[in-house]
Amino acid sequence: MSHTVQQTRPARPDKGKRAVSEGKKAERKLGLLLCAPAALVMLAVTGYPIVYSIWLSLQRYDLRFPDQQKFIGIDNYVTVLTNSYWWTAFGVTTLITVISVAIELVLGMGLALVMHRTLVMRGLVRTVALIPYGIVTVVAAFSWRYAWTQDTGYLARLFAPEAALLTERVPALAIIVLAEVWKTVPFMALLLMAGLALVPDDLLKAASMDGASAWQRFTKVIIPVMKPAILVALLFRTLDAFRVFDNIFVLTNGAQQTGSVSMQTYNNLIKGLNLGIGSTMSVLIFLAVAVIAFLFIKVFGTSAPGGDGGKR
Amino acid sequence: MRSGHHRVRGRRRLGVALGAALIASPLLGACGSDSGGVTVNVYYAAEENFDKVVAQCDKAAGGRYRVMLNGLPREADGQREQMVRRLAAGDTDMDVLGLDVTWVAEFAEAGWIAEWTGQDKAEVENGTLAGPLETARWKDKLYAAPKNTNVQLLWYRDDLVPEPPETWGEMLSTAERLRSEGKPSTVLMTGAQYEGLVVQFATLVAGAGGKILSADSTRAVVDDGAVKALGALKDLATSPVASASLSNAKEDDVRLAFESGSAAFQLNWPFVYAAMRKANPELAKRFKWAPYPSIEPGNTGTATIGGYNLAVSEYSTHKPEAFEVAKCLRDAASQKYSAINSGVPPTIESVYDDPEMAERYPMRDTILAQLKKAAVRPITPAYQNVSTLISTILSPPSAIDPPATAARLRAELQDALDSKGVLP
């Protein structure tokens, strides 16, 4: 989404020029033609499902009661938005998103600094750091689940031999956050490392000449220069974290009110076969994600990588 | 794309070949199975030795068609999800479906399974116990053939309890007396947030003469009997004789805890008997069974039934053969084989009288007696939602507040029946 918003910008200065030469025109036409197939495919695979799910969300459409299908306007939205289960899941999702992204930012920054500053075996260090991100989430989630299973799991035995942590709400949520953090810190670090590479060495040297301590250099020089990269990393991870599904599905399956909005949507669509309510939920998630992206871009001024907002 | 460097083109050709191979391989796999005429695909959950029953029916077909067993996931939710997804998409590769007794209404109402009529229907109805047969019907039509049934019993140790209790209250007071004497006293029950808790609740409601849903399953009733059942669950959960892990226990946890010797009672399915003989032969000698205790004294042994029914997919392209296979898989001989070799209780009454059953199934008379006054879990197409809501609202059982919990059940179940409910 951020891509499309940003990539239109460089085109604007061109529009401003009155006289466009023949060559430019032909070039632009060719450009449009070259983009057309991709744009059409995108429309077909994303536009159609979005429109269709909005259409479904306006109907009473339960596969188990096929005779009772009818258009009911916004009734499904009223049902979902006045339901306590939905808001519980929404709260849980927000909580997981905020906590895990915050921890990831701190740890990711640390890891990025380590990877950036490593002098020996840089390739090895970077590869090792990326392993968690390379493991399939479901596989990783299963190993977390077994590690925390009462009696047999090594972590359960180490930290809480008497309790079944995955069956209690707060510990289970903590384990979900832990699994999320472990999994995506490398991704965060990777994005942040790209930002670190933008900080000129001269700037840091000048700062230390002026007597700035390491901490001051970090907060007054590195972070301001890296701000665009940090915001992009936060945006990506927030959008991802808000749609958390696989970790929860494996670890608790949403029991003890640990389900996210995506879990609940899955339960209503696939288990409940209620296409109306399920689609309503997916539209609501879509809107929530859109709002998050909008906030990041318009309020914090995040720019997508590659589109520096014409500041060059 | 026009600029075709040789290297790029070579790579693309490799890509195309790989892509083609990927697309073609599942097709090849699919073609291989039905190259020799008609194949009837049976989809059934993992059951020990069921493959031998299928092989028997394959042989009985005498080459007119093949019968293939396709395994479904171990967990009930997984089984249902796979079938539902494929049926909703009109998959023609599924012929005979193994349905949990609570799914028949849903599949029938959605138009996914074919009605049994005429001779087939008469054959299935002949000699089949009324309770299991009830689970195969929807709106007075027969949609499935009961393959096996299941019913929970009260299991106890006769060295601790010489005379089994008949009511819920008696069971708790006996356990509390044992506890004060310093003997094993725990009452074990499936209390985790899952279908097992719903079964216990439905059984208690039936034993109190109450109802959860109205007879036509359009209204959530949750009457006084249900309130009493909620009270009984709470009584157990807050009693010192309840196990500490009650709100976490599924049927296997219950079985294991009893086998370790710390408990006096367990409410569980008959599979525990064979398991006990294997795991703890010493304790197995003292391991006895009785009808499920009820809240009202006269209703002892009123329990809800479980088990599996066989249905034929509406999208099957070989329906006549599929009906034949379904009948074969659940005929008296197959049911006897499954009862003896897999431990699943038969649905045909005459099978219980078979002499071979006596050794392997000593509790058969109790089971049969209980099946004859069995209660059926609410029959509704929205059962999945009803069950999910009940298990959510009743968890943990110690937090039940009977009148308030009943009111919440009434409101949320009604929404579920009207497709207005949200699943947690």
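At what angle do helix 5 (residues 84-117) of chain A and helix 11 (residues 214-242) of chain A pack? In this predicted model, the angle between helix 5 of chain A and helix 11 of chain A is about 145°, and their axes are 9 Å apart. The crossing of helix 5 of chain A with helix 11 of chain A is right-handed. On the helix 5 side of chain A, the residues that meet helix 11 are A:T93, A:I96, A:T97, A:S100, A:V101, A:E104 and A:L105. On the helix 11 side of chain A, they are A:L234, A:R237, A:T238, A:A241 and A:F242. The residues of this contact between helix 5 and helix 11 of chain A comprise 6 nonpolar, 4 polar and 2 charged.

## Annotated spans of chain A

An unreviewed UniProt entry gives the feature "transmembrane region" at residues 30-55, 85-115, 127-147, 221-239 and 275-297 of chain A. The UniProt record, also unreviewed, lists "domain: ABC transmembrane type-1" for residues 90-296 of chain A. The table describes three of the annotated spans as they appear in the model.

| Span of chain A | Helix | Strand | Distance between end C-alpha atoms |
|---|---|---|---|
| residues 30-55 | 100% | 0% | 36 Å |
| residues 275-297 | 100% | 0% | 32 Å |
| residues 90-296 | 79% | 0% | 20 Å |

## Where chain A meets chain B

How many residues of chain A are in contact with chain B? There are 24 residues of chain A in contact with 20 residues of chain B. On the chain A side, helix 4 (75-81), helix 5 and helix 13 (261-271) each give two or more residues. Helix 13 of chain A has the largest share, with 5 residues. By type, the chain A side that touches chain B divides into 11 nonpolar, 9 polar and 4 charged residues.

## The two domains of chain B

Chain B is assigned two domains, each made of two stretches of sequence: domain 1 (36-150 + 306-372) and domain 2 (153-303 + 382-417). The C-alpha centres of domain 1 and domain 2 of chain B are 28 Å apart. In the contact between them, 13 residues of domain 1 of chain B touch 16 residues of domain 2 of chain B. Helix 4 (104-109) and helix 17 (364-372) of chain B each supply at least two residues of the domain 1 side. The largest share of that side, 4 residues, belongs to helix 17 of chain B. The domain 1 side of this contact in chain B is made up of 6 nonpolar, 6 polar and 1 charged residues.

## Sheets of chain B

One open sheet of chain B has 5 strands in the order 2-1-3-11-6, with mixed pairing. Strand 2 (66-72) and strand 6 (145-151) of chain B are at the edges and have a single partner strand each, so one side of each has no neighbour in the sheet. The average twist from one strand to the next is 20°. Within this sheet, strand 3 (residues 96-100) and strand 11 (residues 305-312) of chain B run antiparallel and are joined by 5 bridges. B:L97 has B:A311, in strand 11 of chain B, as its bridge partner.

Another open sheet of chain B has 4 strands in the order 8-9-7-10, and its pairing is mixed. Which strands stand at the edges of this sheet, and why is one side of each left without a neighbour? They are strand 8 (186-188) and strand 10 (287-290) of chain B; each has a single partner strand, so one side has no neighbour in the sheet. Here the twist from one strand to the next averages 20°. Strand 7 (residues 153-157) of chain B pairs with strand 10 of chain B in the antiparallel sense over 4 bridges. The bridge partner of B:L154 in strand 10 of chain B is B:A290.

## Two backbone details in chain B

Most residues other than glycine have a negative phi, and most peptide bonds are trans. The peptide bond from B:S395 to B:P396, however, is cis, with omega near -10°. B:P396 is in the loop between helix 18 (383-393) and helix 19 (402-417) of chain B. B:S217, a residue other than glycine, has a positive phi, near 60°. The loop that holds B:S217 runs between helix 8 (195-207) and helix 9 (224-237) of chain B.

Terms used
Residues are numbered from 1 along each chain as its sequence is written. Chains are lettered from A and ligands numbered from 1 in the order in which they are written. This is a predicted model: local features need pLDDT of at least 70, side-chain atom pairs count only at pLDDT 80 or more; totals for chains, interfaces and linings use all residues. Axes are lines fitted to C-alpha atoms, for helices over the stretch in contact, and angles run from 0 to 180 degrees between N-to-C directions. A crossing is left-handed if the near helix is turned anticlockwise from the far one by less than a right angle, and right-handed if clockwise. Two residues are in contact if their C-beta atoms, placed from the backbone, lie within 7 Å. Ala, Val, Leu, Ile, Met, Phe, Trp, Tyr, Cys and Pro count as nonpolar, Asp, Glu, Lys and Arg as charged, and the others, Gly among them, as polar. UniProt positions are given in the numbering used here, feature names are shortened, and annotations may be inferred rather than shown by experiment. Domain bounds come from an automatic or database domain assignment. Two strands pair if DSSP finds at least two bridges between them.
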